[in-house]
Amino acid sequence: MKRKVIALFLILAVVAGTAFANGQQEAADGGKKVVGFSQCDSQQAWRWAETESVKQEAAKRGYELKYNDAQAVQANQIAAIRSFIAQGVDGILLAPQVMTGFGPVLEEAKEAGIPVVLLDRLVAEDEDLFFTFIGSDFVWEGEEMAKIVVEETGGKARIAELQGTPGADPTIDRKKGFENVINEYPDMQIILSQTGDFNRTKGKEVMEAFMKAEGNNIDVIYCHNDDMAIGAIQAVREYGLEPGQDIKIYSIDGIKDAFQAMVDGDLNAVVECTPLLGPQGFDALEAAWRGETLPKWVMSEDGIFRMDEAAALIDGRAY
Ligand code: GYE
């Protein structure tokens with residue numbers, strides 16, 4: 001009997017000791033950090049890669065991640081950010097759908113003392129309302145793409161353009177950058193231009209309409225992202241022309257499917273735009289938590305890839 005009491009006492013002591021030790025540790029490091037990630041859309045391969053990168057990095061660093069997919073509706077995204085604020089998260093990663101309309105909710109996050117890091121797209125709001133923007137130089141992407149098109153067409157082409165989501169900075173700047181270059185060449189002309197919403201299905205639908213209207217007059221298709229290019233390739237083929245040959249096709253992002261399309265001879269070149277922003281996103285939040293400042297734009301390094309390089313590189317692509 002006595003021995004049982006002692007044993008029970010020892011067990012209780014060990015349990016209590018462990019609880020105390022855990023409590024101390026939590027107090028010392030403030031507990032597990034909670035981060036909200038508001039993703040604007042999940043209908044694109046590029047965004048799956050970005051979401052994976054964020055999820056993996058959160059797990060690696062031991063943070064709890066609250067994930068919300070706004071399904072391409074800005075109101076959903078604003079509601080998600082409000083809910084993150086109400087839950088008292090320690091930081092927010094925001095991949096915004098468009099540039100405008102986020103001011104009020106960003107004010108609310110600021111008042112709550114929650115740092116917001118913008119991933120992959122910028123907002124047209126006061127710079128004090130976000131900690132930093134991590135993403136690519138979209139004007140550069142458009143310019144580099146146009147230089148390749150000029151080179152591969154001898155500076156003479158009738159171009160159909162598939163634009164991204166209206167009001168998003170990659171759409172605005174990829175158009176601007178491309179036009180900066182082709183405006184120097186009188187025989188380079190955009191004859192059709194419409195949004196395909198950065199989306200494979202819509203890209204295909206718009207391209208089908210373009211083919212019906214001008215099928216045999218199009219020399220080049222410039223797509224603001226790879227997903228739309230994959231849709232455009234299908235539309236060109238269904239129309240009875242050979243993508244990559246009869247009509248040259250160019251796009252931005254560098255997803256695996258685009259590399260495969262280059263290997264297959266359907267896509268002529270891509271300018272890269274990396275979606276692997278998780279590590280930098282959490283580095284930025286940690287800097288904010290330490291009270292440091294970062295430049296308002298942490299620019300990604302991107303590459304340029306032509307059709308003939310794709311076969312050697314496809315296996316090494318991380319997304
Ligand atoms: O190119 C596209 C995505 O904002 C950089 O948006 C991103 C772009 C990317 O939907 O595929």
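1. Surface first: about 14,700 Å² of the chain is exposed, and carbon and sulfur atoms supply 52% of that. These accessible areas come from the Shrake-Rupley method with a 1.4 Å probe, and for residues only the protein chains shown count as cover. Keep in mind that this is a predicted model, where local features need pLDDT of at least 70 and side-chain atom pairs count only at pLDDT 80 or more, while totals for chains, interfaces and linings use all residues. Residues are numbered from 1 along each chain as its sequence is written, and side-chain values use heavy atoms, with hydrogens and water left out.

2. Now the overall picture. The chain has 11 helices and 12 strands; these are DSSP runs numbered from the N terminus, helices being H or I with at least four residues and strands E with at least two. Its C-alpha atoms fill a box of roughly 95 × 45 × 30 Å along the principal axes. Of the 319 residues, 50% are buried (buried is under 20% relative accessible area, exposed is over 50%, partly exposed is in between, with a 1.4 Å probe and protein chains only). Among contacts (heavy atoms within 4.5 Å) with a separation of 6 or more, 76% join residues 24 or more positions apart.

3. Have a look at the ligand next. Around the ligand you'll find Q44, W46, R47, D120, R121, F138, P170, R174, F198, N225, D253 and C273, taking a residue as near when one of its heavy atoms lies within 4 Å. Which side chains put a polar atom by an oxygen atom of the ligand? R121 does, at 2.8 Å, N225 does, at 2.9 Å, and an N or O atom in the side chain of D253 is 2.5 Å from a ligand oxygen. The protein covers 100% of the 300 Å² of accessible area that the ligand has on its own. A polar contact here is a pair of N or O atoms within 3.5 Å; within protein, one must be able to donate a hydrogen and the other to accept it, and residues adjacent in sequence count only if both atoms are side-chain atoms.

4. N225 deserves a point of its own. You'll find N225 in the loop between β8 (220–223) and α8, and N225 is buried, with a relative accessible area of 2%. Besides the ligand oxygen at 2.9 Å, the N225 side chain reaches the backbone nitrogen of M228 at 3.0 Å. Not counting residues up to four places away in sequence, N225 touches Q44, R174, F198, S251, I252 and D253.

5. M228 turns up again with N199, which sits in the loop between β7 (188–195) and α7 (200–214). Is N199 buried or exposed? At 11% relative accessibility, N199 counts as buried. Leaving aside neighbours within four places in sequence, N199 is in contact with Q43 and M228.

6. Next, strand β3 (residues 91–95), where five of five residues are buried. G91, L93 and A95 point one way, while I92 and L94 point the other way. β3 pairs in the parallel sense with β1 (residues 34–39) over five bridges, and with β4 (residues 116–119), again parallel, over three bridges; two strands pair if DSSP finds at least two bridges between them. I92 is a handy residue to click on: I92 is the bridge partner of G36, and I92 also has V116 of β4 as a bridge partner.

7. Carry on to I134 in strand β5 (residues 132–135). I134 is buried, with a relative accessible area of 1%. I134 and V117 are 17 residues apart in sequence, but their C-alpha atoms are 7.6 Å apart in space. Beyond neighbours within four places in sequence, the contacts of I134 include V117, L118, L119, D120, A284 and V298.

8. A284 also links to L294, which lies in the loop between α10 (278–289) and β11 (297–299). L294 is partly exposed, at 30% relative accessible area. L294 and A284 are 10 residues apart in sequence and 7.5 Å apart, C-alpha to C-alpha. Leaving aside neighbours within four places in sequence, L294 is in contact with F131, T132, A284 and A287.

9. Last, helix α9 (residues 256–263). A258, F259, A261 and M262 are buried there. Why are these residues on the same side of α9? Because they cover an arc of only 155 degrees around the axis, going by directions from the helix axis to the C-beta atoms. Their cover includes α8 (226–239), β10 (269–272), β12 (304–306) and α11 (310–313). After α9 comes G265, whose phi is positive, near 85 degrees.
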